[in-house]
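Student: I should like to go through this structure and ask how each term is justified.
Tutor: Please do; the structure is shown here.

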Amino acid sequence: MKNVFKILGLVGLLAFASCNSDQTLQEYFVNHQDDNDFIAVDVPTSLLDKDEIELSADEKETLESIKKVNFLALKLNNDLRGKFDKETAAIGKILSSDKYETLMKFGSNGTKVELKYQGDEDKIDEVIVFANDQEKGLALIRVLGDNMKPANIAKLAKSMEKMDLSAFKQIAETIDID
């Protein structure tokens with residue numbers, strides 16, 4: 001009989017522990033995929049024609065380590081001001097979690113950008129870019145990969161002009177990002 005109570009106690013403890021009310025970034029993306037106020041796009045890196053791009057070995061390794069890019073944006077208008085404030089706070093709360101490390105923060109003229117990552121300093125599994133502008137809206141970008149190297153990501157970012165980024169440019173034009 002004591003074993004039954006121990007097992008029930010353990011199951012209850014596990015159930016209580018799994019009922020964490022903090023929303024994850026993945027849940028946030030999923031919950032907003034069908035929200036008509038948001039623009040949601042999942043971009044597999046297969047859209048980039050890697051064979052046609054002249055990249056160094058490090059850049060190719062980094063590009064291969066990126067699996068998918070999730071994009072979520074809320075274009076601001078007068079009707080969505082309250083929602084913008086609410087969603088900015090919700091994303092800020094998620095990103096304040098200890099599991100995300102701040103890589104960089106910057107901003108000017110009402111625009112704030114935050115870059116965060118998850119994983120080890122030498123092997124990043126997720127990069128998050130959160131930008132919000134009091135006049136234009138917000139954008140949340142999640143780059144998922146396996147063991148992405150920060151130094152190589154920086155090199156890859158510098159060589160972006162070599163790539164055909166028309167798919168990403170179309171997304172930017174859709175939400176009028178200047």
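Tutor: Burial is graded by relative accessible area: buried means under 20%, exposed over 50%, and partly exposed in between, with a 1.4 Å probe and protein chains only. The model is predicted, so local features need pLDDT of at least 70 and side-chain atom pairs pLDDT 80 or more, while totals for chains, interfaces and linings use all residues. Residues are numbered from 1 along each chain as its sequence is written, and side-chain values use heavy atoms, leaving out hydrogens and water.

Student: Why is Lys-83 called partly exposed?
Tutor: Lys-83 has a relative accessible area of 22%. Partly exposed is the class between under 20% and over 50%, and Lys-83 is therefore partly exposed.

Student: What makes Asp-37 and Lys-83 a salt bridge?
Tutor: A salt bridge requires a side-chain nitrogen of Lys or Arg within 4 Å of a carboxyl oxygen of Asp or Glu. The closest N and O atoms of Asp-37 and Lys-83 are 2.8 Å apart, so the pair qualifies. Asp-37 lies in the loop between helix H2 (25-32) and strand S1 (38-44) and Lys-83 in helix H4, so the pair ties together parts 46 residues apart in sequence. Helices (H or I, at least four residues) and strands (E, at least two) are DSSP runs numbered from the N terminus. Asp-37 is itself partly exposed, at 32%, and Asp-35, Asp-37 and Lys-83 are linked in a network of salt bridges.

Student: How do you know that Glu-114 is buried?
Tutor: Its relative accessibility is 18%, and the limit for buried is under 20%; Glu-114 therefore counts as buried. Glu-114 lies in strand S4 (residues 111-119). Leaving aside neighbours within four places in sequence, Glu-114 is in contact (heavy atoms within 4.5 Å) with Met-104, Lys-105, Ile-128, Val-129 and Phe-130.

Student: What is the N to O distance in the salt bridge of Glu-114 and Lys-116?
Tutor: The distance is 3.5 Å, so the pair satisfies the salt-bridge criterion. Lys-116 counts as buried, because its relative accessibility is 6%.

Student: Which parts does the salt bridge between Glu-126 and Arg-142 tie together?
Tutor: The closest N and O atoms of Glu-126 and Arg-142 are 2.5 Å apart. Glu-126 lies in strand S5 and Arg-142 in strand S6 (residues 137-148), so the pair ties together parts 16 residues apart in sequence. Both Glu-126 and Arg-142 are buried. The structure holds 4 salt bridges.

Student: Why is Glu-121 called exposed?
Tutor: Glu-121 has a relative accessible area of 61%, and exposed means over 50%, so the term applies. Glu-121 lies in the loop between S4 and strand S5 (124-133).
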